[in-house]
Amino acid sequence: MEFLLNSMRKIDNDQVKEHAFGTEQSLEEKLAICFINPKDFEKLNLVSSLHLKISNKERYVVVKVEKDDNIPEGMVLMPVSIWSNRLSIVQNKGLLYKNIVVSVEATRDPPTKFKEIMEEFLVKK
């Protein structure tokens, strides 16, 4: 199902705070997450034990999902983080991190780990 992905800063899901004062586990708990409208939650046949796989043409992440009445239908909101940045794209020589068309689907796969994302940046010899 197609959605629009937007990222924004959230007080309870702050990457800087988790890097400074948290652990890798708290980083994953607070930031490997997305928020969707309860009606979309139902349309996707989600239950609390399922996660959401969010993908664009280039990459994907698996994150926990929470219902939020403040999110418009058809939109996925993610806190600004390494997880949402994976789905950002370059368009017209600029970084696009709002209104990105993504596909979403329910999955039993675990959320993408912080180390897994960081390994992509390592220089391989």
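How many salt bridges does the structure hold? There are six salt bridges, and keep in mind that this is a predicted model. Alongside them come one aromatic pair and a couple of lysines placed over rings, such as Lys-53 over Tyr-60.

**Salt bridges across the sequence**

- Lys-113 and Glu-28 join their side chains in a salt bridge, at 3.4 Å from N to O. Lys-113 sits in the loop between β8 (100-107) and α5, while Glu-28 belongs to helix α2 (residues 24-31), so this bridge ties together parts 85 residues apart in sequence.
- The two ends of that bridge sit in unlike surroundings: Lys-113 is partly exposed at 46% relative accessibility, whereas Glu-28 is buried at 14%.
- Arg-86 and Glu-120 also meet through their side chains, with 2.4 Å from N to O. Here the link runs from the loop between α4 and β6 (89-91), home of Arg-86, to the segment after α5, where Glu-120 lies, and the two are 34 residues apart.
- Arg-86 counts as buried because its relative accessibility is 11%, and the cut-off for buried is under 20%. Glu-120, at 39%, counts as partly exposed.

**A shared network**

- Glu-73 pairs with Lys-43 in a salt bridge whose closest N and O atoms are 3.0 Å apart. Glu-73 comes from the loop between β4 (60-67) and β5 (75-79), and Lys-43 from helix α3 (residues 38-43), which puts them 30 residues apart.
- Both partners are partly exposed: Glu-73 has a relative accessible area of 42%, and Lys-43 has 48%.
- This pair doesn't stand by itself, since salt bridges with shared partners join Lys-39, Asp-40, Lys-43 and Glu-73 into one network.

**The aromatic pair**

- The one aromatic pair is made by Trp-83 and Phe-114, with ring centres 6.3 Å apart. Their planes are at 45°, so the pair is tilted; stacked would need under 30 degrees and edge-to-face over 60.
- Trp-83 is in helix α4 (residues 82-85) and Phe-114 in helix α5 (residues 114-119), so the rings link distant parts of the chain, 31 residues apart.
- Trp-83 and Phe-114 are both buried.

**Lysines over rings**

- Lys-53 has its charged end over the ring of Tyr-60, 4.5 Å from the ring's centre.
- Phe-41 has Lys-67 over its face, at 4.8 Å from the ring centre.

Key:
Residues numbered from 1 in each chain as written. Predicted model: local features only at pLDDT ≥ 70, side-chain atom pairs only at ≥ 80, totals over all residues. Heavy atoms only, no water. Phe/Tyr/Trp six-rings, centres within 6.5 Å; stacked < 30°, edge-to-face > 60°. Helix = DSSP H or I, 4+ residues; strand = E, 2+ residues; numbered from the N terminus. Buried < 20%, exposed > 50% of the residue type's maximum accessible area, 1.4 Å probe, protein only. Lys NZ or Arg CZ within 6 Å of the ring centre and 35° of its normal. Salt bridge = Lys/Arg side-chain N within 4 Å of Asp/Glu carboxyl O.
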